[in-house]
Every structure is written in structure tokens, then in C-alpha cells.
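Student: I'd like to learn how to read a few local features in a model. Can we go through one together?

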Amino acid sequence: MTQQFRITLLPGDGIGPEITAVAVDVLKAVGTKLGIQFDFTEAPIGGCAIDATGNPLPDETLATCRQSDAVLLAAIGGYKWDTLPRAQRPETGLLGLRSGLQLFANLRPATILPQLIDASSLKRDIIEGVDIMVVRELTGGIYFGQPRGIFDANGDQRGVNTLAYTGSEIDRIGRVAFEAAKKRQGRLCSVDKANVLEVSQLWRDRITALAADYSDVELSHMYVDNAAMQLLRWPKQFDTIVTGNLFGDILSDAAAMLTGSIGMLPSASLGSSGPGVFEPVHGSAPDIAGQDKANPLAQVLSAAMMLRYGLNQPAAADMIETAVDAVLNQGYRTGDIMADGMQAVGCKAMGDVLLQALA
Ligand code: IPM
Ligand code: MG
């Protein structure tokens with residue numbers, strides 16, 4: 001029986017289209033092998049959507065995403081759009097997609113691949129074996145809190161954002177994190193700033209209360225400043241981390257950099273129902289766009305996460321992850337992860353060797 005899935009492709013800006021092309025080829029190859037048919041629909045988001053329609057997230061794009069089984073996003077943004085007013089910035093399109101699809105849970109794995117240990121700026125014994133999952137709340141907190149704005153204040157100006165979480169918002173991301181930890185090493189570290197912020201005190205109280213339902217998970221708490229330090233000092237102490245939107249934004253970049261190669265890391269954004277969005281952690285890299293230099297592996301691994309977490313196709317996900325492992329073992333490297341004695345390839349050629357590994 002052939003399975004059929006509708007996939008919305010959002011290639012976005014910069015290197016997005018080149019790396020998406022590789023991921024689509026890989027998905028098609030895996031689909032042919034396993035009897036899965038993908039129906040791809042492409043839609044604009046970010047800078048390219050601003051150029052075409054004036055809106056970084058056109059209504060049709062959101063509607064197309066809603067009608068699909070999963071969304072594969074690449075990257076958005078570029079110098080050209082950086083000075084536009086906030087409502088017309090590429091980032092606003094991305095935030096609109098997250099809230100429009102109610103993707104409150106962002107899973108960002110940071111796994112050290114043994115082949116790439118020397119690409120990290122940290123010492124081998126510190127990072128060898130690191131395998132962290134950051135679970136970031138994605139549709140609340142200071143990114144979306146009201147009031148917000150820049151206001152007049154008696155002849156001065158006042159910039160305001162609001163960091164707020166309701167108990168139920170904390171509970172739903174907490175449950176996702178406990179479930180994730182359960183499937184991993186069973187250790188969950190909740191990161192907050194409860195020594196200063198009331199919202200963090202509520203966060204800590206609610207996460208602590210949830211622990212009663214997960215006796216197989218060992219819960220700990222850490223202040224965010226200490227967590228940033230501990231990530232660099234001894235990252236192996238972490239298994240699963242759960243935190244709010246802004247702390248998660250920052251800590252997931254720090255965790256990503258442990259691996260030495262942000263060009264390798266995928267992510268998944270999930271809601272309680274409806275399609276998830278799967279995207280690499282890296283950005284649109286406008287400086288190398290269109291030059292066939294980009295590393296497509298994070299995009300390809302995002303397609304694997306889409307199969308695993310969005311479409312419940314673990315065999316297909318395994319197949320892609322095995323192929324990525326194989327091409328790294330064969331010594332193929334794009335510029336960002338290049339090392340002595342390895343074979344330098346461009347984006348397209350990396351796609352070709354992946355297809356050979358899958359054949
Ligand atoms: C991320 C990015 C976004 C964020 C930006 C582009 C709005 O940094 O996905 O981590 O802050 O969430
Ligand atoms: Mg970020």
C-alpha cells in the first residue's frame with residue numbers, strides 16, 4: 001500500500017532553495033524505496049514573499065501549510081530586508097507561522113557526530129558523546145506577550161515587552177518535555193530565572209507539580225545564567241532541557257555550537273494537532289547564497305525529523321540518518337565542516353553522494 005503525504009515546502013531566502021532541492025531529492029528517493037508518495041507544494045515566506053506580495057507570510061502560504069501533513073521550511077531573511085519596519089520583516093513571517101499553526105513545542109537536538117568532533121571549538125573530552133535535546137516553548141513568553149511597543153513617556157521614550165506564561169502554557173510544554181526525556185535518558189533539566197522573576201517561579205512550581213506524573217524521569221532545575229555556563233563547562237550533564245521562548249532561543253544556539261557545526265542541526269516545531277514545521281537551526285546565509293557552497297545536511301536531517309515526528313515514518317527517517325552518517329564516513333564535507341584529508345564538496349555534490357548512499 002502506498003502512503004501519501006502532502007508536504008508544503010517553504011524554501012525561503014538565501015541558501016534556502018538550494019538546500020531544499022537536495023532534501024526533496026532525498027525524500028523522493030526514500031519514498032520510492034519505501035512506497036511513500038510525497039505531494040510537494042511550494043509557497044513563499046520571508047523576504048521572497050515580501051518582494052512578491054509585501055507580506056512576509058501571505059494568507060495563501062498559511063492556508064497551504066494548514067492543508068498539508070507537514071511543512072518543510074528552510075531559512076528566511078537577508079540584508080535586503082533588515083531595515084524594513086517590524087511588520088514587514090522576514091522574522092515576522094516566521095513568528096506568524098509559528099503562532100498561526102500553534103506550534104508551541106520546539107525540539108532542537110544537539111548531537112555530536114563522532115566524525116565532526118574536531119570541528120568544535122571545545123576540547124574533545126568535553127564534547128565527545130554529547131547528546132542534548134532542547135525543548136523550547138515557541139508561541140508564548142516575551143516573544144508574544146502584551147503590552148509591547150515603543151511608547152512616549154513624558155518627553156522620553158519607553159520600550160516595552162512582556163514576559164508572561166499561564167499555568168496551562170507551562171503544563172503543555174512541560175508534558176512534551178517529560179515525554180521526550182522519557183524516550184531519551186530520562187533526565188529533564190528545567191531552566192528558568194526563578195531567583196528574580198515571578199513568571200519563572202510559576203514555571204518552576206508547575207513543572208515540579210507535573211513531575212508527579214512522570215516517576216521515571218529525574219527532574220532538576222537550573223537558573224538560566226548557570227545553564228549557559230554549564231553547557232560550555234560540562235555539557236554531558238544534560239539530557240533533555242525545557243525552557244521558555246527567549247531562554248530557549250539563546251541556549252539552543254549555545255548547545256548547537258557545541259557540535260561545531262550549526263550546518264548539521266535540524267529542528268521540529270509541533271502543536272497538539274495539525275502539521276508541524278521542520279527546519280534547520282541555521283539561517284539563510286545570504287553571503288554564500290546561490291554559490292553551491294551551502295551545507296544541505298541540516299535540511300536533510302530536518303526532513304528526517306519530519307518523517308519521524310510529523311509523519312510517523314521512523315523507517316524512512318532512519319534511512320536518511322544512516323545515509324548522512326555514510327557520506328560523512330566516506331569523508332565528504334562542505335566548507336563549513338571541512339577538515340584535513342577530507343573530500344570538499346558543494347551543496348549539489350553532497351546531494352549526489354547522499355542519493356548514492358541511498359541507492
Ligand atoms: C530561531 C531564530 C528566530 C527566533 C528568529 C529568526 C525570529 O533565532 O528560530 O531561533 O528568535 O526564534
Ligand atoms: Mg535563534
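Student: Which residue takes a positive phi in the hairpin of strand 6 and strand 7?

Tutor: Keep in mind that this is a predicted model. In the hairpin, look at the 2 residues between the strands: asparagine 154 has the positive phi, near 45°.

Student: And in what sense do strand 6 and strand 7 pair?

Tutor: Antiparallel, over 6 bridges. Strand 6 covers residues 145–153, and strand 7 covers residues 156–162. For a handle on the register, take glycine 149 of the pairing, which stands opposite valine 160 in strand 7.

Student: Which peptide bond is cis?

Tutor: Omega is the angle to check here. The bond from glutamine 146 to proline 147 has omega near 0°, so to speak the cis reading. Proline 147 is found in strand 6.

Student: Back to phi for a moment. Where does glutamine 102 lie?

Tutor: In the loop between helix 4 (90–100) and strand 4 (105–111). Glutamine 102 is not a glycine, yet its phi is positive, at about 50°.

Student: Now the ligand. Which residues surround ligand 1?

Tutor: Start with the shell, then go to atom pairs. Around ligand 1 you find Glu91, Arg98, Arg108, Arg136, Tyr143 and Asp249. Sorted by class, that shell has 5 charged residues, 1 nonpolar and no polar ones.

Student: What is the distance from an oxygen atom of ligand 1 to an N or O atom in the side chain of tyrosine 143?

Tutor: That one is 2.6 Å. Arginine 98 places a polar side-chain atom 2.7 Å from a ligand 1 oxygen, and for the side chain of arginine 136 the N or O atom is 2.8 Å from an oxygen of ligand 1. As for cover, ligand 1 exposes 320 Å² when taken alone, and the protein buries 72% of that.

Student: Arginine 136 lies over the face of which residue?

Tutor: Tyrosine 143, with 5.3 Å to the ring centre. Another case to pull up is arginine 172, which lies over the face of phenylalanine 104 at 4.2 Å from the ring centre.

Student: How is a pair of aromatic rings described?

Tutor: By two numbers, the distance of the centres and the angle of the planes. In this model the count comes to 4 aromatic pairs. Ring pairs also link Phe5, Phe38 and Phe40 into a cluster.

Technical notes:
Residues numbered from 1 in each chain as written. Chains lettered and ligands numbered in written order. Predicted model: local features only at pLDDT ≥ 70, side-chain atom pairs only at ≥ 80, totals over all residues. Heavy atoms only, no water. Phe/Tyr/Trp six-rings, centres within 6.5 Å; stacked < 30°, edge-to-face > 60°. Lys NZ or Arg CZ within 6 Å of the ring centre and 35° of its normal. Near = heavy atom within 4 Å. Polar contact = N/O pair within 3.5 Å; in protein donor to acceptor, adjacent residues only side chain to side chain. Areas by Shrake-Rupley, 256 points an atom, 1.4 Å probe, with all protein chains shown as cover. Nonpolar A, V, L, I, M, F, W, Y, C, P; charged D, E, K, R; others polar. Pairing = 2+ DSSP bridges. Helix = DSSP H or I, 4+ residues; strand = E, 2+ residues; numbered from the N terminus.
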